[in-house]
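Ready for a little practice with strands and helices? Open the structure below and work through the exercises one step at a time.

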Amino acid sequence: MLVMRGIVKQFPGVRALDGVDLDVQAGEVHCLLGQNGAGKSTLIKVLAGAHRPDEGTIELNGAHVSPASPVDAIRLGIATIYQELDLVEGLSVAENIFLGHEHARLGFTNRAAGNRAAHEVLARLGHPEIRPATEVGRLSPAAKQVVSMARALSHDARLIVMDEPSAALAHDEVANLFRIIRELTAQGVAVVYISHRLEEIREIGDRVTVLKDGRTVAVGLPARDTPTNKIVSLMTGRNVEYVFPPRAARPPGEEVLRVEDLTSPGAFAGVSFTVRAGEIVGLAGLVGSGRSEILEAVYGARDAAGHVVLGGEPLHPGGPLQAVRRGDLLGALRRGGVVRSVRRGMGLAPEERKAQALLLDQSVTANITLGNLPEFARLGWLDRGREKAEARRLVEALDIRPRDPERPVKTLSGGNQQKAVLARWLLGGRRLLLLDEPTRGVDVGARAELYAVIRGLADQGIGVLLVSSEVPEVLGLADRVLVLREGSVIHEGDAQDLDEHRVLDMIMDGRAA
Amino acid sequence: MTDTGNTSAVVAGPGALRRFGDMRHLGLLVALALLVLVGLVTRPDNFATASNLVSILSLAATIGVITVGATFVIIGGGIDLSVGAIMALASVWATTVATQEFGPFVMAVCAILVGTGAGLVNGLLIAYGRLVPFIATLAMLVAARGLAQRMSDRKTQLIQTGNSAIVELSTTRVLGIPLLVYIFALVVVLGWVLLNRTTFGRRTYAVGGNPEAARLAGIDVRRHTMLLYALSGLCCGIAAILIMARTTTGSSTHGDLYELDAIAAVIIGGTLLTGGRGTIIGSILGLLIFTLITNLFILNGLNTSDQLIAKGLIIVVAVLLQRRNLKERAP
């Protein structure tokens, strides 16, 4: 039904797709596997019409097609359900399903006809209980997923692409998702299914295509019978050479962070670990394993039960209200959350650099000093000379290019922006740095520099807690590794005792080694 | 010593240009110059007189002080619709018989405290009560005016002769310019310093430009938001003193629609309504353009309705020009 041959997609600095083949038959569930950065997202964006391939051909039911836009792709019968559902929360279920192709005459919508048609589609999906007039914002994540699928069906899609549809779902909801997928395939619809969870792929998938470094390394493997071993070895052994700095020779210092029994319902439970001065501790796990949420909770940006102790001093999680509930009235008056964490010597380089860390319009200097303004001020009056001198020193120390601290930070490359975020936390005597995907969107050359900077920080006696979805990065950079799966720590050990293969096995198959 | 290379325009073009204020101010200055030219041509005998210039500045002073506060709020990502009403309430409270007994100094302090207090209520509702700024300050607009009407019984309250020190702010002149214009200038200078030279100003840009990044950098975003509205209220209190001086009264009808003029001046001045970007100087230039238009229409005996139409057009044109400007500078 769908045949893609030799698809190439080039972005500035990277060849995201370097000759990908994909072959999907009507009525099958075709799984797409590959590590982060292997090219899965780019491939489905090509299919959805969001990217145009530089080379290669796409054939749909024997005819050459080249979807030029998402609207085009939908017209061809290709619907994509993204990880973050793209529903309009304020509109009703029916309005969402038929968004863009409403039941209308002369611009007046026919609500009754829309609701009837929506009900039909929902019933076909086995969910007649979702009422078409309900506002989507009130639905559960699982129900939203159903609405997304109903939207795909309302376009008479013959090929539905699902990008990690189970990441946001609870266990029984996944079973229901699978039931819907089976019904769709029974009607001849083809499904391209992306997931990192091998057990799901074994249960729902028919055939598997594996991507690595933008190339197809295996086409049409039987989903049920191919040994895990084989699949994982196809995905690993990446060609990209990572250059990691040598680990510290001396043993780590005293304990900087102690986390005990940290629990946030729905995200993670019973997480305990420590970070010592000069040590890099890595958290490995999939999206949805709770890795970023644990960082947020340690930082005080997310409410969680349990204990976070920084340098021997407890940072009580939760805001003033929780403190009052505990009967700790003095605690309620103290600044809680992030403000307190920062004052006590923590720093966070968040996952979404642009959305969560940077003031894009402002200069590199202003971005660097943002976390430590009081240090550059007397009675609120900024000492701009000292601020600039300090920023210049850091720009040179971290080799942020171009070496102009007055440049707006948005004109810098991803790697240099990330260095600016790290530079922010080099000021003011930090004791613990939390790094969430520090090399996302950073090209290969700049990565090695960032690794060296991060190791250099640890060598200065700072404790580092690192989250990365790239297993080789965690193994190469960290001293100690915690492997997370569905909100729990399933393995803890020395990074040197682990290899990529074993870690992938653990996070995908759930077997603690 | 660190800056010498950048400030010399010959050596480093881009640095000097940035320093000059993003070129945007240049556009505003040109617009202002054009309006002055129109004034000189159409009214050669009346426009460039000392008395006309003084009346323009006196007119601009009251809204000008409010505009400084509004600039902070809008750069901080908010909006304050209640400025005119808060000023009216402050003027009424300061001119009640009970307050006037304590003399002019207490009256002035009273106006400032009432303004700051009302701003603080706005700030608490928005920062800690999680109300949308538009709604919280709309409620304050209605309620403050109502309270002002109640206190004054809808009557205009005259400043008693014993308290004429307040009125003297507008009648006493230094170098031919009334004192209240100096107060306006002082507020502008202080506002500029606060925005450009202090941690408070830096945080204002951060909170408005990317609240999430500000929060994760350890800035207490809520407390800062609250302080921004308190600051706006403080400016309304000062504006109340100026309007009492100019009109010799306190009244619940003072400052009607001032919020629109203040917001318009800020927007024309190049501050983004989405926050994170803007300047005090731009706002003041925007305000002077607005005031100058009013003055030109009056001098030429033109219809006030046409004047409103012209102002509406200017807002649209200014924003369209700035958008083009933004696009050009985007990477």
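Two strands count as paired if DSSP finds at least two bridges between them. Keep in mind that this is a predicted model.

**Exercise 1.** Work out in which sense strand 9 and strand 10 of chain A pair, and over how many bridges.

*Solution.* Start with the residue ranges: strand 9 of chain A covers residues 159-163 and strand 10 covers residues 190-194. Next, follow their directions: the pairing is parallel, over five bridges. As a check on the register, find A:Asp163, which stands opposite A:Ile194 in strand 10 of chain A.

**Exercise 2.** Place these strands in their sheet and find which strands stand at the edges.

*Solution.* The open sheet in chain A has six strands in the order 6-9-10-3-11-12, with mixed pairing. Strand 6 (78-81) and strand 12 (215-222) of chain A each have a single partner strand, so they stand at the edges with one side lacking a neighbour in the sheet. From one strand to the next, the twist averages 20°. Finally, look for helix 8 (residues 228-235) of chain A, which packs on the sheet and touches strands 3, 11 and 12 of chain A. The direction of this helix makes about 30° with that of strand 11 of chain A.

**Exercise 3.** Describe how helix 5 and helix 13 of chain B pack.

*Solution.* First take the geometry: helix 5 (residues 83-94) and helix 13 (residues 221-247) of chain B pack at about 55°, with axes 8 Å apart. The two helices of chain B are therefore oblique to each other. Their crossing is right-handed. Then inspect the contact, where helix 5 of chain B contributes residues including B:Ile86 and B:Ala90, and helix 13 of chain B residues including B:Gly233 and B:Ile243. Sorted by character, the contact residues are ten nonpolar, four polar and no charged.

Methods
Residues are numbered from 1 along each chain as its sequence is written. Chains are lettered from A and ligands numbered from 1 in the order in which they are written. This is a predicted model: local features need pLDDT of at least 70, side-chain atom pairs count only at pLDDT 80 or more; totals for chains, interfaces and linings use all residues. Axes are lines fitted to C-alpha atoms, for helices over the stretch in contact, and angles run from 0 to 180 degrees between N-to-C directions. Helices (H or I, at least four residues) and strands (E, at least two) are DSSP runs, numbered from the N terminus. Angles under 35 degrees count as roughly parallel, over 145 as roughly antiparallel, 65 to 115 as roughly perpendicular and the rest as oblique. A crossing is left-handed if the near helix is turned anticlockwise from the far one by less than a right angle, and right-handed if clockwise. Two residues are in contact if their C-beta atoms, placed from the backbone, lie within 7 Å. Ala, Val, Leu, Ile, Met, Phe, Trp, Tyr, Cys and Pro count as nonpolar, Asp, Glu, Lys and Arg as charged, and the others, Gly among them, as polar.
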